[in-house]
Amino acid sequence: SLTRGEVFLAHGRLDDARLAFEQAMRMAMDTDERVDIGQLVMELGDPATAARIFETVLAREPGHAGATLGLRQVGQRAQRVQGLIAQATMQTDRDDWRHAEDLVEEALHLDARADWPHWAKARLLERAGRYPDAIH
């Protein structure tokens, strides 16, 4: 399931990859396998789930280097998302809507399941007068 998920991920089949990783997680007994799954889930743009996986590993094996690093990466990713949204806001103040939208899209790629990057995109599109796009 882990390998199958990696193949799906490489081919952009994100929903299939997520399902394969969930199945692999249920079957994984080895902590290193769980850390690998956490890293792949983070690549899918779901750092919250990845953090839960790393925390589960650390509960079983305190100090596990891979899980500790994974949690650190989750935090860095969250900071990066916040920074991208702040930069996008500055770009809208300069009327650089295209650049602002690119920054928000990058934030969404990093954390596709969190609400606040979606809110930032809706707000950006609303400020740009693209109301139909803002509600999708």
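**Figure 1. Aspartate 96 and aspartate 95 in the loop between H5 and H6 of the predicted model**. Aspartate 96 lies in the loop that joins H5 and H6. With a relative accessible area of 29%, aspartate 96 is classed as partly exposed, because values between 20% and 50% fall in that class. Its C-alpha atom is separated by 9.9 Å from that of alanine 128, although the two residues are 32 residues apart along the chain. Aspartate 95 is found in the loop between H5 and H6 as well. Aspartate 95 counts as exposed, at 55% relative accessibility. Most residues other than glycine have a negative phi. Aspartate 95, which is not a glycine, has a positive phi of about 65°.

**Figure 2. The packing of helix H6 against helix H7**. Two packed helices are described by the angle between their axes and the distance between the axes. Helix H6 spans residues 97-110 and helix H7 spans residues 115-127; their axes are 9 Å apart, and the packing angle is about 165°. The two helices are therefore roughly antiparallel to each other, since angles over 145 degrees are assigned to that class. H6 and H7 form a left-handed crossing. On the H6 side, the contact involves Trp97, Ala100, Glu101, Val104, Glu105, Ala107 and Leu108. These residues meet Pro117, His118, Ala120, Lys121, Leu124, Leu125 and Arg127 of H7. Sorted by class, the residues of the contact of H6 with H7 comprise 9 nonpolar, 1 polar and 4 charged.

**Figure 3. The surroundings of isoleucine 85 in helix H5**. Isoleucine 85 belongs to helix H5. Its relative accessible area is 14%, and isoleucine 85 is therefore buried, the cut-off being under 20%. Apart from neighbours within four places in sequence, isoleucine 85 is in contact with Ala107, Trp116, Pro117 and Ala120. Of these partners, Ala107 is also among the H6 residues that meet H7, while Pro117 and Ala120 are among the H7 residues that meet H6. A separation of 17 Å lies between the C-alpha atoms of isoleucine 85 and proline 47, which are 38 residues apart along the chain.

**Figure 4. The packing of helix H3 against helix H4**. The axes of H3 and H4 come within 8 Å and cross at roughly 165°. H3 and H4 are therefore roughly antiparallel to each other. Their crossing is left-handed. H3 contributes Thr31, Arg34, Val35, Ile37, Gly38, Gln39, Val41 and Met42 to the contact. H4 contributes Pro47, Thr49, Ala50, Ile53, Phe54, Thr56, Val57 and Arg60. The contact of H3 with H4 divides by class into 9 nonpolar, 5 polar and 2 charged residues.

**Figure 5. Aspartate 46 in the loop between H3 and H4**. Aspartate 46 is placed in the loop between H3 and H4. At 4% relative accessibility, aspartate 46 counts as buried. When residues up to four places away in sequence are not counted, aspartate 46 touches Arg18, Val41 and Arg113. Val41 is also one of the H3 residues in the contact with H4.

**Figure 6. The nonpolar cores**. The largest nonpolar core has 21 residues, of which Phe21, Ile37 and Phe54 touch the most other members. Two or more residues of this core come from each of helix H1 (2-10), helix H2 (14-27), helix H3 (31-43), helix H4 (47-60) and helix H5 (65-93). H4 supplies the largest share of the core, 6 residues. A second, separate core of 12 residues includes Leu84, Ala100, Val104 and Ala107. Among the named members of this second core, Ala100, Val104 and Ala107 also take part in the contact of H6 with H7.

**Figure 7. The whole chain as context for the close-up views**. The protein chain has 8 helices and 0 strands, and its elements run α-α-α-α-α-α-α-α from the N terminus on. Along the principal axes, the C-alpha atoms fill a box of roughly 50 × 30 × 20 Å. The chain has 136 residues, and 39% of them count as buried. Among contacts with a separation of 6 or more, 45% are accounted for by residues 24 or more positions apart.

Technical notes: Residues numbered from 1 in each chain as written. Predicted model: local features only at pLDDT ≥ 70, side-chain atom pairs only at ≥ 80, totals over all residues. Heavy atoms only, no water. Core = buried A, V, L, I, M, F, W, Y, C linked by side-chain atoms within 4.5 Å. Buried < 20%, exposed > 50% of the residue type's maximum accessible area, 1.4 Å probe, protein only. Helix = DSSP H or I, 4+ residues; strand = E, 2+ residues; numbered from the N terminus. Contact = heavy atoms within 4.5 Å. Axes fitted to C-alpha atoms, helices over the stretch in contact; angles between N-to-C directions. Parallel < 35°, antiparallel > 145°, perpendicular 65-115°, else oblique. Left-handed = near helix turned anticlockwise from the far one by under 90°. Nonpolar A, V, L, I, M, F, W, Y, C, P; charged D, E, K, R; others polar.
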